[in-house]
Amino acid sequence: MDNPKYEHDNGAQQNSIINNGNLQLNYGTGNNDVILTVDDAELSKITSNQNKTFIQHTKGTCLKNLTNFTKRKLFILQWISIYSSEDFLGDLLAGITIGLTVIPQSMALASIVGIPAQYGLYSSFVGTFIYLLFGTSKVVPMGPTAIVALLINNTIGTRGPAYATLLCFLTGVIQTLMSFAGLGIIVNFISVPVCSGFTSASAILVITSQVKDLIGVKGGGGNLLKMCRTVLEHISNISIGDTIMGFACIGTVMLLKAFGTTRIGPKEEELQTARQKNVNKLIWAIGAFRNSFVVIVCSIICYCCVHKTNHDITSDWAPPIPFKVIGKIPYGLPHFQWPEFSNTNESFLDIILFMGSGIIVIPLISLLENISLCRTFAEGKPIDTDQELLAIGMANIGNSFFQGFAGSGAIARGALNYSSGVRTPLGGLYTGLTVMAALVFLTPYFYYIPKTSLAAVIIAASFMMVDVKMVKYVYNSKKKDLVLMLITFFSCLFLPLEYGVLIGIVANVGFIMCSAAKPKISIQVQKNCDGIKYLLLTPDRYLIFPSMEYVRQTITKHGLALGIPVVIDGSSIFEADFTTANVFSMMSLDFSKKGQYLYLYNLKPSVASVFKGIKNCNIYLCANKDELNELLRNHFGPSQIQEQYQNETIWTSKM
């Protein structure tokens with residue numbers, strides 16, 4: 001029954017009444033003069049319309065959310081609608097340039113993995129097609145990289161292409177799952193010194209791994225010492241022809257690289273004549289295609305040598321020439337097939353256990369290498385690490401169905417892609433098509449490519465990855481970071497690469513924890529407006545569990561020694577945890593036994609809530625200095641002030 005005396009906040013209660021079997025709804029209006037009469041039939045229509053509207057709204061919202069999600073994940077939808085003819089020309093030139101570069105490089109990287117050269121080509125085209133659908137960076141040339149290839153070799157050893165393909169699939173699956181779990185943030189916890197130390201060590205390992213092919217001897221091993229030992233064991237079998245050609249190739253590549261950076265005429269392109277611009281473009285092209293140029297010239301030399309001997313290239317015998325060549329490459333594109341999850345000797349679980357930590361390390365290092373490339377050429381734009389994880393994860397999954405091994409965005413090829421004028425990720429389409437054309441039309445000619453020329457290409461590219469300048473920069477900036485860089489560098493050199501990376505990351509976290517364990521604390525004895533002395537301590541950062549033992553000792557030592565109230569200024573405390581609150585609670589009990597009090601003021605609300613959660617605590621929380629003075633005044637009367645504080649000296653110290 002309605003209460004006629006009940007008043008709503010907006011005025012008298014508006015009652016519903018029944019009039020001749022109809023429900024009258026009196027909606028509250030300013031003058032109470034609008035009454036809506038609704039019969040049962042109309043009421044059912046209103047209810048039905050409301051349900052339809054709700055269902056339509058729900059469907060529309062779901063469809064909109066699905067569309068936004070698809071557009072966000074399928075990144076090509078965000079830029080393909082504004083693709084222009086200028087974009088097409090830029091992407092076409094850059095794509096073909098990268099394609100001609102990746103053909104010799106990918107075959108050389110297959111040798112690092114320890115599998116036949118054609119698998120490097122198989123790894124260089126499917127991933128580019130998939131990355132252009134999901135990737136956010138125009139400069140990423142998805143494909144094999146030296147660092148990832150070295151990690152794959154350390155993980156699978158001599159188990160062959162089937163294991164490399166399965167590892168590629170697992171790498172892609174883990175990266176895709178990490179993307180949807182939002183774990184791309186992991187790369188933010190790996191500092192620049194750790195990355196630099198790892199990259200430089202990896203470059204030296206890559207160079208060392210290619211020495212065997214450079215001089216035509218057998219070799220192997222998972223770290224620097226093993227590689228050097230195996231090469232020295234076979235040094236008596238050195239091939240003079242391979243050695244001469246290999247070092248000549250390295251020198252030529254380096255000279256062409258330097259030549260490619262020279263320019264004629266004014267530095268400003270606007271001031272150059274048409275002839276000067278054309279000559280500069282030719283010089284740039286010579287530098288950009290230096291790897292292909294060297295490999296083609298060496299292949300022609302080997303071709304002439306082989307045909308002089310009338311050697312049957314269809315046989316399984318190596319040609320009797322002073323150079324070791326790649327040999328027969330299967331014709332055509334690889335067939336679609338699932339990775340081999342088990343074999344007659346090992347189950348899937350056995351293979352997983354054999355691969356060990358490499359299954360986790362390779363996806364992370366692949367991501368780290370890709371993000372480093374994206375950030376280098378981001379031009380101030382933010383990088384979506386989770387989306388990049390999805391892009392390279394899907395690309396690696398796609399590669400695994402065509403017998404490829406895991407890859408990422410190579411920094412050297414990315415720099416060439418950028419300088420080639422790439423406009424969008426669609427440049428990867430033309431790179432992939434170039435590699436496919438090579439597999440279809442050029443495989444008979446790959447027979448004559450000398451292994452030493454491919455080794456020279458990789459060695460010349462790896463020289464640029466040894467970041468010597470970074471040592472000077474880090475030393476001048478913060479010497480502690482140089483120690484971290486050297487720890488990572490030597491760990492990666494002399495231990496299996498995946499262990500070296502983990503040691504560098506653990507050392508990085510350890511340095512952070514050590515820094516957090518000893519915050520600086522400003523200590524002062526002050527007097528308030530009533531003449532009450534107190535010990536003021538001001539920590540300079542967050543207070544969390546690693547630092548609490550040091551903070552407790554500091555506060556207890558000075559607080560109990562002086563026998564005056566202890567005040568903590570929390571203006572610089574941005575974070576605290578339960579351990580912090582618990583330690584302060586115990587300190588407050590110790591101080592209360594001595595007739596002292598513990599005060600905290602200027603705390604952030606989030607930090608104050610941590611301390612409020614502690615029960616049976618004698619800590620006094622003050623919002624500001626006025627509240628602090630009031631509490632001090634209540635706890636210490638004039639007589640107590642006169643009795644307790646005879647000394648007027650105010651002193652300060654820094655911890």
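Let's start inside helix α2, which is where S106 sits. In this predicted model, S106 counts as buried because its relative accessibility is 0%. Setting aside residues up to four places away in sequence, S106 touches G120, L121, S124 and P144. There is also a long-range relationship to look at here: S106 and L454 lie 348 residues apart along the chain, yet their C-alpha atoms are separated by 9.2 Å.

**The chain as a whole**

Stepping back, the protein chain has 26 helices and 13 strands. Of its 655 residues, 47% are buried. Among contacts with a separation of 6 or more, 76% join residues that are 24 or more positions apart.

**Two helices and their spans**

Helix α2 comes up again when we turn to α16. The buried residues of α16 pack against α2 (85-113), α3 (118-122), α4 (126-134) and α17 (443-446). Which residues of α16 are buried? They are G427, G428, Y430, T431, G432, T434, V435, A438 and L439.

Helix α20 can be described in the same terms. Its buried residues are L482, L484, M485, T488, F489, S491, C492 and L493, and what covers them includes α7, α8 (224-233), α19 (468-477) and α21. Here are the spans of these two helices, from first C-alpha to last, beside the values expected at 1.5 Å a residue.

| Helix | Residues | Length | Span | Expected span |
|---|---|---|---|---|
| α16 | 427-441 | 15 residues | 21 Å | 21 Å |
| α20 | 479-494 | 16 residues | 23 Å | 22 Å |

For α16, the span is close to the expected one, and the span of α20 is likewise close to its expected value.

**The α7 and α21 pair**

Both α7 and α21 help to cover α20, and they also meet each other. A pair of packed helices is described by the angle between the axes and the distance between them. How do the axes of α7 (residues 192-215) and α21 (residues 497-517) cross, and within what distance do they come? They come within 10 Å and cross at roughly 165°. An angle over 145 degrees counts as roughly antiparallel, so α7 is roughly antiparallel to α21. The crossing of α7 and α21 is right-handed.

On the α7 side, the residues that take part are V194, F198, S202 and L205, and they meet L497, V501, G504, I505 and N508 of α21. By type, the residues of this contact divide into 6 nonpolar, 3 polar and no charged.

Another residue of helix α7 is worth a visit: S196. Is S196 buried or exposed? It counts as buried, because its relative accessibility is 7%. Leaving aside neighbours within four places in sequence, S196 is in contact with D467, M470 and M485. M485 is one of the buried residues of α20.

**Two asparagines with positive phi**

Finally, have a look at two loop residues. N310 has a phi near 55°, a positive value in a residue other than glycine. You will find N310 in the loop between α11 (290-308) and α12 (348-355). With 68% relative accessibility, N310 counts as exposed.

N602 also has a positive phi, of about 65°, although it is not a glycine. Its place is in the loop between β11 (598-601) and α24 (605-612). How accessible is N602? N602 is partly exposed, with a relative accessible area of 29%.

Definitions and conventions:
Residues are numbered from 1 along each chain as its sequence is written. This is a predicted model: local features need pLDDT of at least 70, side-chain atom pairs count only at pLDDT 80 or more; totals for chains, interfaces and linings use all residues. Side-chain values use heavy atoms; hydrogens and water are left out. Axes are lines fitted to C-alpha atoms, for helices over the stretch in contact, and angles run from 0 to 180 degrees between N-to-C directions. Helices (H or I, at least four residues) and strands (E, at least two) are DSSP runs, numbered from the N terminus. Angles under 35 degrees count as roughly parallel, over 145 as roughly antiparallel, 65 to 115 as roughly perpendicular and the rest as oblique. A crossing is left-handed if the near helix is turned anticlockwise from the far one by less than a right angle, and right-handed if clockwise. Contact means heavy atoms within 4.5 Å. Ala, Val, Leu, Ile, Met, Phe, Trp, Tyr, Cys and Pro count as nonpolar, Asp, Glu, Lys and Arg as charged, and the others, Gly among them, as polar. The expected span of a helix is 1.5 Å times one less than its number of residues. Buried means under 20% relative accessible area, exposed over 50%, partly exposed in between (1.4 Å probe, protein chains only).
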